[in-house]
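Here are a few notes to go with the model you asked me to look over. I've stuck to the salt bridges and one of the sheets.

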Amino acid sequence: MAGDYYDSYYDTPVYGSGFSSGTPILYPVGSVVAFTPYYKIYDPNLKPQNTKAYEIGTDLTFLNGLVTLNYTYSRQNVTDQIFEVPLAGSTGARSLTTNGGAVHTNVHEITLGANPISTRNFNWDFAFNFSKIDNYVDELAEGVESIMLGGFVEPQVRAGIGYKFPVIYGVGYKRNENGDIVVNDKGMPQVGEEQVIGNVSPDFRLGFSTTLEYRKLRLSAVLDWKQGG
């Protein structure tokens, strides 16, 4: 079986090069009109992607409002996600736009607040906020393990099955059985296999905010900490 046939579209070509600015050849040229097959083809059975979201949380207050604690957990399941699946050049196209995958997201958010001083003329409150958002790729199109999302050469940004979304993909160091980097006789690291070398999304975010009020004077401060990514 040679595979499915998909109708293509035609586009007006534009020709240029890396050594010239702009597009020196742009159709129509005088009375000459040209068309070429479009580099993308589209699945005729393309359908909208669907998202199901679940959320649960709680708001707690202690010591007559002196301390508050808020927690929220949510999960999103995205199915029939639309991707551009790469194709071999022999097909006459560069990619196929189709429903190529499924992604799920887990979100945790915790806020701890306190109001230790609250009088008629003076008030002080502060709060900590912790958030963690993890996106995972569950499925892609049949036969596709990863899809490039950005980058001209390696390293590049990809979506890969079983990894967080998105990841940085490139050539890593060569390592021995103990996980140590293998070096040559000059002490330089040796080139290893192509692999995931980093995550784009942070592991978590931690925020802190505080406010001091004296009569009509207010002073506020905010601190944000991003771990990883």
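Before the list, the term itself: a salt bridge here is a side-chain nitrogen of Lys or Arg within 4 Å of a carboxyl oxygen of Asp or Glu. Keep in mind, too, that this is a predicted model.

1. By that definition, the structure holds six salt bridges. I'll go through some of them below.

2. Start with Lys 40 and Glu 84, which form a salt bridge with their closest N and O atoms 2.7 Å apart. This pair links distant parts of the chain: Lys 40 sits in strand E5 (residues 40-42) and Glu 84 in strand E7 (residues 67-86), 44 residues apart. Is each partner buried or exposed? Lys 40 is buried, at a relative accessible area of 14%, while Glu 84 counts as partly exposed at 36%. Lys 40 gets the "buried" label because its 14% falls under the 20% cut-off.

3. Strand E7 turns up again with Asp 80, whose side chain meets that of Lys 47 in a salt bridge (3.9 Å, N to O). Here as well the pair links distant parts of the chain, with Asp 80 in E7 and Lys 47 in the loop between E5 and strand E6 (50-62), 33 residues apart. Asp 80 is partly exposed at 24% relative accessibility, and Lys 47 is partly exposed at 43%.

4. Next, Asp 224 and Arg 205: their salt bridge has its closest N and O atoms 3.5 Å apart. Asp 224 belongs to strand E15 (residues 217-227) and Arg 205 to strand E14 (residues 204-214), so the pair ties together parts that are 19 residues apart in sequence. Asp 224 is exposed, with a relative accessible area of 52%, whereas Arg 205 is partly exposed at 37%.

5. There is also a network: salt bridges link Lys 132, Asp 134 and Lys 164.

6. Now for the sheet. Which strands make it up, and in what order? Four strands form an open sheet in the order E10-E11-E12-E13, with antiparallel pairing. Its edge strands, E10 (146-150) and E13 (191-199), each pair on one side only. On average, neighbouring strands of this sheet are turned by 45 degrees against each other, direction ignored.

7. A closer look at one edge of that sheet: four bridges join E10 to strand E11 (residues 156-160), and the two run antiparallel. If you want a place to start in the viewer, try Ser 146, whose bridge partner in E11 is Gly 160.

How values were computed: Residues numbered from 1 in each chain as written. Predicted model: local features only at pLDDT ≥ 70, side-chain atom pairs only at ≥ 80, totals over all residues. Heavy atoms only, no water. Buried < 20%, exposed > 50% of the residue type's maximum accessible area, 1.4 Å probe, protein only. Pairing = 2+ DSSP bridges. Axes fitted to C-alpha atoms, helices over the stretch in contact; angles between N-to-C directions.
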